[in-house]
Every structure is written in C-alpha cells, then in structure tokens.
Amino acid sequence: MSAASHLPGGGASAASDDAPRKRGLGGYLLLSPGGLWLVVFFVVPTVTLVATSLYDPSGSLQLGYAMTWHWQNYTDAVVDYGPQLLRSLQYAVIATIACVLMGYPLAYAIAFKGGRFKNLMLVAVIAPFFTSFLVRTLSWQYILGDNEAVVSLLRWLHVLGPEGHLLATPFAVITGLTYNFLPFLVLPLYASLEKVDRRLLEAASDLYASPFTAFRKVTLPLSMPGLVAGTLLTFIPAAGDYINSELLGNPTTRMVGNEIQDLFAAGDYPTASSLSVILMAAIVLLVAIYVRRAGTEELV
Amino acid sequence: MSAAAPAGAAPTEGTSAGTDLVLRGLRKSYGSFTAVHDLDLVVPSGSFFALLGPSGCGKTTTLRMVAGLEEPTSGQIMLGGSDVSRLKPYKRPVNTVFQSYALFPHLSIAENVAFGLKRRGKKKVDAEVAAMLELVELSDLAKRRPAQLSGGQQQRVALARALINRPQVLLLDEPLGALDLKLRRQMQLELKHIQTEVGLTFVHVTHDQEEAMTMADTVAVMNKGRIEQMGAPEDLYENPATTFVANFLGQSNLVAGSVVEGGGETVALDVQGTRLTAPRARLATDAPQVWVGVRPEKITLTRAGSPAPSAAAGNLLAGGVVTDISFVGVSTQYVVRMPWGQELSVFLQNTGAHERLVVGDAVDLHWSPDHTFCLDASQDARAGVEEDES
Ligand SMILES: Nc1ncnc2c1ncn2[C@@H]1O[C@H](COP(=O)(O)OP(=O)(O)OP(=O)(O)O)[C@@H](O)[C@H]1O
Ligand SMILES: [Mg+2]
C-alpha cells in the first residue's frame, strides 16, 4: 500500500545505502528526545507500578512498603473487583459502539457533504474541549436530572415510568462516556474519510455499484484505519474512566477506575497498582485481538 | 472497416435504431464556461470511434456525460434506442477506462478486475478474471495491490477492469497514454482485435493522431468543445474541412490564394501570381479568398527550372530556396523559403530517386492538382499547429 512508504523502516533501509554509519547516528540522535521521554514517563512509571503491585499490602504510605513479591495482590484484586473490571470493559464497549453509530455518519457528512462549512463543522466537534471535562460532565447531571425536560418528556411519552429516572443509571454513565469521547472517534475518522479519492467512487458507480454498495466496498474499507484509530482512542480512555461513573452513576455502576481511585485515596497502593496492571493487561489483550481482526496491518 | 460511419453527414438525420450511441445537442457548461458545445453525433453500434483533440478541448467531459458521471446542461444521450441521459451511472451499460486509472487501492489486481462482474451478481468469476489478466499480460501480478504496479501496468488493469464487463459501449480515456511505444502498439492491436471480435462499441479518446487514425473506423476531431470534422481517417486526412484539422491531423502547407475561375470539374487558383488548379470536390468553401493547402509528402522538389516528375506534374510553385534539411530515417524533411517569405515543408521519401539537395539550393515545388485542397480564408492558418506531436 502507498502508506507503506511512510513506515520508518522502509525509509531508513533505503536511505542507509550510502554512508550508513552517519545516517544511523543521526537517526538515533533524532530519536533520543522521544526515547528519553518514553523512559522517564512510561518505562519508569510502569516498572514502578508493577513493583508497587507486588509490595506487602500491610504497609502504608507513612511507614513504607516492603517488597515481598506479594502475588496474592492480583488474586485479591480479581476476586474483589472482578465485577467492576468487567463492567468497565462492558461500558467502554457500549460507549464505543454508540460513538461509532453517531460518529461515523457525522464524520462522513462533514467529509463528503460539508462543502465550505467543513472547517466550521470540525470546530463545532472540538468546541466542547474549550470547557473543562469536569464541567461538561457535571452539566449532564443537570440535563439528565429528574426534574428536567428530558426526563419529563420521556415520562410523558411513557418511555419512562412515572418514577423512572435517567441520572444515576448505567444509561447516564454510558451517555457521559459516549459524549466525552465522541470527538476522539470523529477526528481520525474524518481524516481518513477526507482522504478517500472521489474518483474511486465514480469508478465504482461506473462498475455497477449503487451508492450504498460503493460505500460498503470502497469508502468503508478505505476508512478502516481511521475507524480503528478512533475506536481505540475512545475505548481505551473510556475503560479507565471514573469521572462519568462518579458524577452520573450510582454505587452499582462503579467502574474499575473508581475503585483504583478509592484504593489510592485510602492508601492501599499495592492493591490499586495490581488492579491497574490488570486493567492495562486486559485492554492490551482486547486491543490486540481487535486490531488483528480488523486487519489493519494491511490497511494502515 | 464496414462499420465506418458516413463521413461528416448530419448525424441527427440518421435513425438511431439498433444499439447506436447517439448524442443530440449535448452541452456542458461550468458556470459561464462551456466545455462542450451542442454535440451531435452518432457512433454506430460495433464501431471503433476515436475522439481526437488537444488538451482541454472537452474530450473527458464528453465521455463523463456518456458514462453518467457528469450531468449534461442540455441535450440527450441515446443508447440502443432509449434515452439514458437521466440514468444513474451504475445503471448504464457503459464502462470507462479512466484517464487517472482510479484503481481501488485496497483490492488486489484480480479483485479490481472482478469488481464489475461481482456487482452484477456473478459468483464464479475466477476463470474470466484469469483470462482477462492473461489478455493484458498481468497474470503474474494478480495478487498484488495497484500501488505495487508501474504506471503502464496500472493502465492495463484499468483496461481489464472495464473490458471484462463487455459493456455496450466502452469509453476509453487515453487508455494507452502511459505505455511505451512497443507495448502501446501491441495494446492497440489487441484492443482493435478485441473490439472486432466482441463487436463492442469503443469510444476512444486520445491525443495521439496516429493512434486515432490506425485504430478507428471513424475519427472525430474536437476543438474547444466542438467537433470540427468527423469521418473515416483517410477521408479526414485527405479532405480536411478546416485549417485546424489540416494542421492537427498531420501537417499542411497553407498558402493564401484566390479562386479565379471555378466553372467546371476543376477550379483555377491564383497564388502569389502563379496559377494553380484543384479539383472542385476539394473546395471546402464558396468564398473567393482561400487557403490553398497541400500535404508536405505530396510535394516533389526539383532544382529550379528542371522539368516536373510525371507523378507530381500539374501544380508548380517556383523560386524556392532550401533553408533547412532534417533527415528522419524513412524520409528527409526540407524547409523551403518561397519568394514571398513563407516557409513550406516538403517530405521526400528516402528511396534514392531524388537528387541530393543542400541548404541554399534554388528549387521548384511540384505536386498534382488532385492533392490540392482549399479552405475558407477567414480561418486562422495556424490553428491546431503543433498542439501535440506525440
Ligand atoms: N469541474 C469543472 N469545472 C470547471 N471547468 C471544468 C471542469 N471540468 C473540466 N473543466 C474544463 O472543461 C474543459 C474540458 O475539460 P476536459 O477534461 O474535458 O478536457 P480534455 O479534452 O479531456 O483534456 P485532456 O486531453 O487534457 O484530458 C477544460 O477547459 C477544463 O478546464
Ligand atoms: Mg481528458
């Protein structure tokens, strides 16, 4: 694929024909700020996190922790917080699907029908970022509140019972997640839809493909890289989120993020860390399976 | 050649029976700019029709309207007796080989070629695809992606992808432009072969006049959104109706002259005080002022005052001086300056029959009256000169 030429490996091997040593050194020099960044802000914290997850849980922040290779932290975490972990992944999947259902048509409309309003519409998609995440989520408390228009309307329509409510339900949490992460799906998706060559769609229609078939056979596959990137950017942070559950949920909608947050607040660093590692591992596993299934190795 | 259209006849009068492609008053405007002006033409079913013209003259626009990718501003497109002007592209029995190829980058070559068949619900396409890839000599590359192919290979995929559908009309937008000469000649033969074999109607757009003339039954020369002239290749070459066609299709010497006597089968012309004659049938105008034209290869040179060779006897322009000679293998091209300052070209075959001339030699130009044509003098004599010499 054409994108293959952008792979760093391809460029480097071609360039290394002449004066390989100099080029190699230059490459490492260019890599070093990023590498340093990774070491300081990713490798060190991850190692620390994994180490902390194996400390003796009877210690405390004041008295210090002893490294006892306490693997039982992991079984404890799974036993105690398994339901929250599953719930997190479940909410994140549902929110991601909701984002795709809303975000794909939106990105498609902006890319294909936006005309000269494209940029304006993109700004509108990002506009919510100008206010704080917290404030935006809080405002959903108001929107979904029992005495507000939405609930009143739904009660009047008998979609909700007379005592039915939206706030403090799984629905509210997933709505919050969907709302907060929608732009992360729309932007990369828009970028890859925008790149789709319109002449390919003409060729498809010349070759007996109706507009819908042309979408299914040409536009959709060509937008897969953006769709995969967008869903990852939505799913991963949504699975670790705790704000939406905190502000829009109830004790039965607690997600793993809430538990980790509480454990840290209570000073139980080892359990919090092991739960974090488990969450991380679960996400990496799911993402790996997903990316493989989506066949993006070929498409990106 | 049996399917050749009646040259230059008013096409709207013809019946549009059978599966002819008929364009009636087809026009396309972009804002105030009109890319195609009220095009009227009939492409007989099963014929090879070439649309020839300089860049930007509206060839692609015309094809796009026939394919349904561009909506005509006005006019009609009839195919097989029914009006398809408002039909969606995917419902028209027409396929296009795009100038930009437009291959699907996410599909393999074989999948690209199978695309049209699959869309029409065909399940077993492998054998057909393989045969088509064989035809365009790409069997080895069936599993590759378009980006892994050279320009010429991509072009052949584009051809295979359209051809496999056996449409009523195949539109080819410069389908051989990226090929080297050898492959191009080979593909020309192949295309012509396929076209006669399957009996498809081909509308072939090209810059390359040689390609148009060797392949097509009918050639239409297009200029600035209009068809200047249409007819069988030989006819167009021998009887250009406008200065544009005279210059764009091959080369022509055009000299200002006037008709002095035009009663009978031949007309007498006055050119810079010399009397020439031409067949009445080759007069493309009734006006007294004309451009007197003769193709460079029809002229014979002799040293000043020598008698004319018998084949080229009749018309004589004397007093020329050779100013340039270029040897191009099969022929030698001379530039001769005439007493009134105009430079004319003369191509002589390198058969050994001609005397060697050098720059500065005084020469006379001889040619047969039968090879003389006359065009309306109100046109620009240089229209269409050196637009494209590929
Ligand atoms: N969408 C458009 N908007 C405005 N003008 C256009 C548009 N498409 C084509 N044109 C103009 O119409 C004219 C004909 O274009 P067209 O593509 O048909 O040329 P062509 O004969 O195919 O040329 P070439 O041999 O270079 O491919 C050109 O002058 C072009 O600038
Ligand atoms: Mg064109």
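These are my notebook entries on a predicted model with chains A and B.

**Entry 1: chain B overall**

I started with the make-up of chain B. I found eight helices and 20 strands there. I then looked up the extent of the C-alpha trace of chain B, which is about 75 × 45 × 40 Å along its principal axes.

Next I checked burial. Chain B has 390 residues, and 53% of them count as buried. The exposed surface of chain B comes to about 16,800 Å². Carbon and sulfur atoms supply 51% of that area.

I also looked at contact range. I took the contacts in chain B between residues at least 6 apart in sequence. Of these, 68% join residues at least 24 apart.

Last, charge. Chain B carries 36 positive and 43 negative charges. I noted 11 Å between the mean positions of the two sets.

**Entry 2: salt bridges**

Side chains of opposite charge can pair when their charged atoms come close. I counted 18 salt bridges over all chains.

I went to one that crosses between chains. It runs from Glu202(A) in helix α8 of chain A to Arg64(B) in helix α1 of chain B, residues 59-67. The closest N and O atoms of Glu202(A) and Arg64(B) are 2.7 Å apart. Buried or exposed, I asked of Glu202(A) and Arg64(B)? Both Glu202(A) and Arg64(B) are buried.

Then I turned to chain B alone, at helices α5 and α6. Arg184(B) and Glu211(B) form a salt bridge, with 3.3 Å from N to O. I placed Arg184(B) in helix α5, residues 181-198, and Glu211(B) in helix α6, residues 209-215. The two are 27 residues apart, so I logged the pair as a link between distant parts of the chain. Arg184(B) is buried, and Glu211(B) is buried too.

A second salt bridge joins these two helices. Arg185(B) meets Glu210(B) at 3.2 Å, N to O. Arg185(B) sits in helix α5 and Glu210(B) in helix α6, 25 residues apart. I checked their accessibility next. Arg185(B) is partly exposed because its relative accessibility is 29%. Glu210(B) is at 44%, so Glu210(B) is partly exposed as well.

I also noted a network. Salt bridges with shared partners tie together Glu202(A), Arg64(B) and Glu70(B).

**Entry 3: helix α11 of chain A**

I moved to chain A and helix α11, residues 256-265. Which residues of this helix are buried? They are Val256(A), Gly257(A), Asn258(A), Glu259(A), Ile260(A) and Leu263(A).

I followed their packing. The buried residues of α11(A) pack against four helices of chain A: α3 (72-113), α9 (211-240), α10 (243-248) and α12 (269-294). Just after α11(A) I found Gly267(A) with a positive phi of about 85 degrees.

From there I went to Thr271(A), in helix α12 of chain A. Its relative accessibility is 9%, under the 20% cut-off, so Thr271(A) counts as buried. Leaving out residues up to four places away in sequence, Thr271(A) touches Tyr81(A) and Leu263(A). Leu263(A) is one of the buried residues of α11(A).

**Entry 4: Ser210(A)**

I looked up where Ser210(A) lies. Ser210(A) is in the loop between α8 (198-206) and α9 of chain A. Its relative accessible area is 22%, and buried needs under 20%, so Ser210(A) is partly exposed.

Which side chain does that of Ser210(A) contact? The side chain of Ser210(A) makes a polar contact of 2.9 Å with the side chain of Thr213(A).

I also took one long distance. Ser210(A) and Leu30(A) are 180 residues apart along the chain. Their C-alpha atoms are separated by 49 Å.

**Entry 5: positive phi in chain B**

I checked two residues other than glycine with positive phi. Asp38(B) has phi near 25 degrees. Asp38(B) lies in strand β2 of chain B, residues 33-43. Asp38(B) counts as partly exposed because its relative accessibility is 40%.

Lys224(B) has phi near 50 degrees. I found Lys224(B) in the loop between β9 (218-223) and β10 (226-231) of chain B. Why does Lys224(B) count as exposed? Its relative accessible area is 65%, and the cut-off for exposed is over 50%.

Notes:
Residues numbered from 1 in each chain as written. Chains lettered and ligands numbered in written order. Predicted model: local features only at pLDDT ≥ 70, side-chain atom pairs only at ≥ 80, totals over all residues. Heavy atoms only, no water. Buried < 20%, exposed > 50% of the residue type's maximum accessible area, 1.4 Å probe, protein only. Contact = heavy atoms within 4.5 Å. Areas by Shrake-Rupley, 256 points an atom, 1.4 Å probe, with all protein chains shown as cover. Lys, Arg positive; Asp, Glu negative; His and termini not counted. Charge placed at Lys NZ, Arg CZ, Asp CG, Glu CD. Polar contact = N/O pair within 3.5 Å; in protein donor to acceptor, adjacent residues only side chain to side chain. Salt bridge = Lys/Arg side-chain N within 4 Å of Asp/Glu carboxyl O.
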